[in-house]
Amino acid sequence: MYDGEQLNLTRITRNEMGAYLCIATNGVPPTVSKRITVDVEFSPMIFVPNQLVGAPIGTDATIDCHTEAYPRAMSYWFLGEEMILSNEKYTTTSMENSYRAHMRLIVRNLTTSDFGSYRCISKNSLGETEGSIRLYPIPKPSAAPKATEIKSSANKEGRPSTPPPAKRLTTVWPSSYNPYYPKRTERPPPPSEERVERPEQKLRGSQSTGEACILSPGPPLLSRFFL
């Protein structure tokens, strides 16, 4: 803000370009104002954000240039000594804002002949300038590994779910071979008595009768002796 009837701008540059507002007041409303636009003429200037751009063959590449100029400059692209025009292969755009402009070139479906030095040129009545960008080939990136989905054991409430109990193997036995299948038991026939004759044996303090009786058959073997 500056107070006074006259504003002097010395050694003016493009940074002083713009609209200035002059306001006059004497304490009695209303106040009056006047807008004054100051234009500074200068030759073009170019800023290149990336002077080296790499891209694989078969892909698209984009290169950019930023220019400043007043009066308005004419901007165009060159590849070697050949001017580039917009077509199916190349797309050129220019976005302007006051004395600034953003130049962009898109090269589609790169081949070996598309690599080299590109020049962005800006020209007005006060001069001409250019910027250089080198486009070079790079190998294609390797394919990204496939993502593997890992299922979580957590339930909806965020708690780990309890795995179901393992199934118990069950053996089905035929009724004739099942060890737990109840069988009807029959009462064994009474054992037969057989007499066995054997020679007399003397026992201490007594005499033997010389006869013995053995009950058979079948386990357990029950023997009864008569002495």
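Tutor: A salt bridge is a side-chain nitrogen of Lys or Arg within 4 Å of a carboxyl oxygen of Asp or Glu. The structure holds six of them. The model is predicted: local features need pLDDT of at least 70, side-chain atom pairs count only at pLDDT 80 or more, and totals for chains, interfaces and linings use all residues. Side-chain values use heavy atoms, with hydrogens and water left out, and residues are numbered from 1 along each chain as its sequence is written.

Student: What makes the contact of Glu68 and Arg14 a salt bridge?

Tutor: Their side chains meet at 2.5 Å, N to O. The limit is 4 Å, so the pair qualifies. It links distant parts of the chain, with Glu68 in strand E5 (residues 61-70) and Arg14 in the segment before E1, 54 residues apart. Strands (E, at least two residues) and helices (H or I, at least four) are DSSP runs, numbered from the N terminus. Arg14 and Glu68 also belong, with Arg100, to a network of salt bridges.

Student: Why is Glu68 called buried?

Tutor: The relative accessible area of Glu68 is 10%. Buried means under 20%, exposed over 50%, and partly exposed in between (1.4 Å probe, protein chains only). The value of Glu68 is under the 20% limit, so Glu68 is buried. Arg14 has 23%, which puts Arg14 in the partly exposed class.

Student: How do you know that Arg72 and Glu96 form a salt bridge?

Tutor: The closest N and O atoms of Arg72 and Glu96 are 2.9 Å apart, and the limit is 4 Å. Arg72 lies in the loop between E5 and E6 and Glu96 in strand E8 (residues 90-97), so the pair ties together parts that are 24 residues apart in sequence. Arg72, with 65%, is exposed, while Glu96, with 41%, is partly exposed.

Student: What makes Lys89 and Asp114 a salt bridge?

Tutor: N and O come to 2.7 Å where the side chains of Lys89 and Asp114 meet. Lys89 is in the loop between E7 and E8, Asp114 in the loop between strand E9 (100-107) and strand E10 (116-124), and the pair links these distant parts, 25 residues apart. At 3%, Asp114 counts as buried. At 23%, Lys89 counts as partly exposed.

Student: How do you know that Cys65 and Cys120 form a disulfide?

Tutor: A disulfide is called for a pair of cysteine sulfur atoms within 2.5 Å. The sulfur atoms of Cys65 and Cys120 are 1.9 Å apart, so the pair meets the rule. The angle about the S-S bond is -70°, and the link is left-handed. Cys65 is in strand E5 and Cys120 in strand E10, distant parts of the chain 55 residues apart. A search of the whole structure finds one disulfide.

Student: Why are Cys65 and Cys120 called buried?

Tutor: Each has a relative accessible area of 0%, which is under the 20% limit. Cys22, by contrast, has 41% and is partly exposed.

Student: What makes E5 and E9 a pair of strands?

Tutor: Two strands pair if DSSP finds at least two bridges between them. Eight bridges join E5 to E9, which run antiparallel, so the requirement is met. One position in this pairing is Cys65, which stands opposite Met103 in E9.

Student: Why do E3 and E8 stand at the edges?

Tutor: The order of this open, antiparallel sheet of four strands is E3-E5-E9-E8. Strand E3 (42-47) and E8 each have a single partner strand, so one side of each is left without a neighbour in the sheet. The twist averages 20° from one strand to the next; axes are lines fitted to C-alpha atoms, for helices over the stretch in contact, and angles run from 0 to 180 degrees between N-to-C directions.

Student: Which strands are the edge strands in the sheet of five?

Tutor: The sheet is open, has mixed pairing and follows the order E4-E11-E10-E6-E7. Strand E4 (52-55) and strand E7 (82-84) are the edge strands, each pairing on one side only. Neighbouring strands are turned by 30° against each other on average, direction ignored.

Student: What makes E6 and E7 a pair?

Tutor: Strand E6 (residues 74-79) and E7 share three bridges in the antiparallel sense. The rule asks for at least two, so they pair. Leu79 has Glu82 in E7 as its bridge partner.
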